[in-house]
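Here are my notes for you to read with the model open beside them. Take the points in order and find each residue as you go.

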Amino acid sequence: MSEFHWTGRDDSEDGPAARRVYHCHTAGGRHAIVGFESDEGVRRNQGRVGARDGPNAIRGPLAGLPIPADFPTFTDHGNIAVLGEELEQGQRLLGEAIVAAMQTHDRVLVLGGGHETAFGSFLGLRGAEPDAQIGILNFDAHLDIRQIGANGPSSGTPFNQIRDREGDDFDYLCIGVAVESNTQALFARAADWGVRMIMDYTLTESLADARHEIDALIERNDIIYLTIDLDVLPHYQAPGVSCPAVRGVPFSTIQTLVHYCLEGVQKQERRLPVCDIVELNPHHDHQQMTAKTAAILARQLLAG
Ligand SMILES: [Mn+2]
């Protein structure tokens, strides 16, 4: 585990209102961060590896972001690393770390790793909440419900694996789906499983359908598990991912909908105890733009 030191620019000459995220890092914080150093899901999915360096690449720009006075405290529990090809073992360990963190923190923010991170996040959430109705909100160009092939579970299979565990309780909303990034086999499976979907191109016209689906997902469930795949963003806003999006959904739209979800969870008195940001590949990033984008989303998830 590579340790990260929470530090950043010091503007103390501007007084106590010149605080940044790193000032809120403390033991016994309200929220928690856990990193998942994993390339194995993307490798098995035949993608560009590098996501194992994602967690610390997000922490860097996150630490220095300015914050409002009421920004919550948080505790960094470091990274869980997938050793060699031991993805399943890593996902179990991530799940255990989340269960432990949920005992003392309101929200656990997981920094991936490829989207195989989601299976570990869900194992943890379900482990800590065996009886709750859980609704999954995924911002992603891909449905990630592929069947497990010869390579085993990967970054393309997490929601298939979750469905396998959950059966008819599986409640999955995917926002930002690109028609060219999913085979017809996946669309047929999604229809079969009652997966709710918002296509990426519809979001340039109106957010009404997305808001409606988010409201309904929150209403049907006790808990929302929010997972953000950075490849939902256009390639010029998120070049540092395994699979950059040609069209994508603009960052401001994703932020608006994430905000809408956090607000809806509060309004409907539900909970959002686990969320993750996945697929940052710093080796393909330009000027840290994807890492900075991920950091702004992380700040949003810690603030809410
Ligand atoms: Mn994905």
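1. Leu-230 is a good place to begin: at 0% relative accessibility, Leu-230 counts as buried (buried means under 20% relative accessible area, exposed over 50%, and partly exposed in between, using a 1.4 Å probe and protein chains only). You'll find Leu-230 in the loop between S7 and H8; such labels are DSSP runs numbered from the N terminus, with helices (H or I) of at least four residues and strands (E) of at least two. Before you go on, note that this is a predicted model, where local features need pLDDT of at least 70 and side-chain atom pairs count only at pLDDT 80 or more, while totals for chains, interfaces and linings use all residues. Residues are numbered from 1 along each chain as its sequence is written, and side-chain values use heavy atoms, with hydrogens and water left out.

2. What does Leu-230 touch, not counting residues up to four places away in sequence? Its contacts (heavy atoms within 4.5 Å) include Ala-238, Val-241, Leu-280, Thr-290 and Leu-297. For a sense of distance, try Val-258: its C-alpha atom and that of Leu-230 are separated by 13 Å, and the two residues are 28 apart along the chain.

3. Now look at Thr-290 from the other side of that contact. Thr-290 sits in helix H9, residues 289–303, and counts as buried because its relative accessibility is 0%. Leaving aside neighbours within four places in sequence, Thr-290 is in contact with Leu-230, and also with Gln-237, Pro-239, Gly-240 and Asp-285, among others.

4. Next comes strand S7, residues 223–229, which holds Asp-229. How many of the seven residues of S7 are buried? Seven of seven, so to speak a mostly covered strand by definition of the cut-off above. Ile-223, Tyr-225, Thr-227 and Asp-229 point one way, while Ile-224, Leu-226 and Ile-228 point the other way, and all are buried.

5. S7 has partners. Strand S4 (residues 134–139) runs parallel to S7, joined by six bridges (two strands pair if DSSP finds at least two bridges between them). In that pairing, Gly-135 stands opposite Ile-224. S7 also pairs with strand S8 (residues 271–278) in the parallel sense over six bridges, and here Asp-229 stands opposite Val-278. Trace the chain from S7 through helix H8 (residues 251–267) to S8 and you have a right-handed β-α-β unit; right-handed means that, with the strands pointing away from the viewer, the path from the first strand over the helix to the second runs clockwise.

6. The UniProt record has something to say too. An unreviewed entry lists His-115, Asp-140, Asp-144 and Asp-229 under "binding site"; UniProt positions are given in the numbering used here, feature names are shortened, and annotations may be inferred rather than shown by experiment. Why do these residues gather at one spot? They span 115 residues in sequence, yet no two of their C-alpha atoms are more than 10.4 Å apart, so they come together in one place.

7. Look closely at His-115, in the loop between strand S3 (107–111) and helix H4 (117–128). His-115 is buried, with a relative accessible area of 0%. Its side chain makes a polar contact with the side chain of Asp-140, at 3.0 Å (a polar contact is a pair of N or O atoms within 3.5 Å; within protein, one must be able to donate a hydrogen and the other to accept it, and residues adjacent in sequence count only if both atoms are side-chain atoms).

8. Asp-140 lies in the loop between S4 and helix H5 (158–166) and is buried, with a relative accessible area of 0%. Beyond its sequence neighbours up to four places away, Asp-140 touches His-115, Asp-229 and Asp-231, among others.

9. A second "binding site" set in the unreviewed UniProt entry holds Asp-140, His-142, Asp-229 and Asp-231. These are spread over 92 residues of sequence but cluster in space, with a largest C-alpha distance of 8.8 Å. His-142, in the loop between S4 and H5, is buried at a relative accessible area of 15%.
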